[in-house]
Structures are given as C-alpha cells and as structure tokens.
Amino acid sequence: MMSFYFALIETDEQRGKFEYIYENYYGLMYHTAFSLTQDRQLAEDAVHETCLKIIDSIDTMRVDNKKELASYLCILTRSRTIDFLRRWCNKENSPLETLIEPLSEAGTETTVLSSIQLEQAFQQLAAMPEKYRIPLTLQVKGYSIQEIAQFLNLSEGTVKTRIFRARQVLRHSFED
C-alpha cells in the first residue's frame, strides 16, 4: 500500500514525512476510524481517505511536535471518517442512523433530555482547555491511560489528573 501512496508524492522530503506519519500514527488513525465505524473494512477505507488528505497537505504539515501531530491526525481521521460514512450511506441508500445504535428506547422525553444534555456536554467540551479536552476525548475513544500518555508525551499521572479535571468540568456544568 505504501508504494501506492509514494506514487502520489513528488519529493523525497514529502515521502519522508508521509512515511514517518504512516509508520508511527497508522494505528492511532485506524483506532479512531474503527471507533466510529465498528467495521474493520470501513475503518481501513476511512484511513485510506485520511492518508489521501494527508498527501494533499503534506507540505504544510509539521512532524516535529508529536502531541500536536497526534491531535491533528485524530481530528482529521474523525472528520474524514464521518464524511466517508455519509458518502457510503448515500451510496447504499441507507440512513446514517442505521450505522449508529439508537440512543434510547425509553421515549421522546428521555431522548430530548439526552439530546439537550449531550449538546451541553459538547459545548463544555469545546470550551475546555485543550490540555484537558484531548486526553478525555482519547479515553472516550477507548485508548488506555498508558496509550494516551505515550501519544501526548506525558506521564500517566498527568494524564489521569487531566482526565479527572475534565470530568469535573463536565460534571459541574450539569449541576448548574
């Protein structure tokens, strides 16, 4: 597969950057895509879409800051996976909701309340400082504390503290 990507890249510098990203962050990108698709083949296809996007913007990408690069690749993979799922659903003539389990069978009031709370949580998460938001987001996506610490180049204790503080911020927003 790497030879396919290399055929799309013009210079040795770009090949070096892409090879570094692919070898070091493919697992992170795959895990991010799989957490959304819950299907191995769809996740691989979504990561392929992400790799093509990386190649398009390889000249502007910086690989010297591992934390920043990991965060960027998670966000990029997530957005490319969602776009891929939308296209896939349109092609298959099936709604996107069929790929995602229903929130609740409890009834309209519970669902509306859950939607309001979910929107409130997203707003709080977006307003949260990046140093708390990223570890919490990675943990929700299924990464272990050890993996998060490795991705962000932090100690496990620091990651645990930041996740705890992020949860406190979210919890306080629902108490008001």
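In this predicted model, Y30 has a relative accessible area of 21% and is partly exposed. The cut-off for burial is under 20%, so a residue at 21% does not count as buried. Y30 forms an aromatic pair with F34. The two ring centres lie 6.0 Å apart, and the planes meet at 20°. This pair is stacked. Y30 and F34 are 4 residues apart in helix α2, and about one helical turn separates them. F34 is also partly exposed, at 27% relative accessible area.

Y30 has a second partner in helix α2, which spans residues 12–37. Y26 lies 4 residues from Y30, again about one turn of the helix. Residues three or four places apart in an α-helix point the same way, because the helix has 3.6 residues a turn. Y26 has a relative accessibility of 26% and counts as partly exposed.

The count for the model comes to 8 aromatic pairs. In one of them, the ring centres of Y26 and Y30 are 6.4 Å apart and the planes are at 15°, so this pair is stacked. A single aromatic cluster takes in Y26, Y30 and F34. F4, Y5, F18 and Y22 belong to that cluster as well.

F18 also has a place in the largest nonpolar core. This core has 41 residues. F18, I54, L73 and L138 have the most contacts inside it. Several helices build the core, and each of the following supplies at least two residues: α1 (2–8), α2, α3 (40–56), α4, α6 (130–140), α7 (145–152) and α8 (156–175). In soluble globular proteins, nonpolar side chains tend to be buried together. Leaving aside residues up to four places away in sequence, L73 touches I21, Y25, M29, I54 and M61.

Helix α4 covers residues 66–92 and contains T81. T81 is buried, with a relative accessible area of 0%. Beyond residues up to four places away in sequence, T81 touches A33, L36, T37 and A46.

A46 is one of the buried residues of helix α3. The others listed for this helix are L42, A43, V47, E49, T50, C51, I54 and I55. Helix α3 has 17 residues. From its first C-alpha to its last, α3 reaches 25 Å. That is close to the 24 Å expected at 1.5 Å a residue. At the start of α3, a side-chain oxygen of D39 comes within 3.1 Å of the backbone nitrogen of Q41.

The whole chain contains 8 helices and 0 strands. Along the sequence, the pattern reads α-α-α-α-α-α-α-α. The chain has 176 residues, and buried residues make up 32% of them. Among contacts between residues at least 6 apart in sequence, 60% join residues at least 24 apart. The accessible surface of the chain comes to about 11,200 Å². Carbon and sulfur atoms account for 51% of that surface.

Methods. Residues numbered from 1 in each chain as written. Predicted model: local features only at pLDDT ≥ 70, side-chain atom pairs only at ≥ 80, totals over all residues. Heavy atoms only, no water. Phe/Tyr/Trp six-rings, centres within 6.5 Å; stacked < 30°, edge-to-face > 60°. Buried < 20%, exposed > 50% of the residue type's maximum accessible area, 1.4 Å probe, protein only. Contact = heavy atoms within 4.5 Å. Core = buried A, V, L, I, M, F, W, Y, C linked by side-chain atoms within 4.5 Å. Expected span 1.5 Å × (residues − 1). Polar contact = N/O pair within 3.5 Å; in protein donor to acceptor, adjacent residues only side chain to side chain. Areas by Shrake-Rupley, 256 points an atom, 1.4 Å probe, with all protein chains shown as cover.
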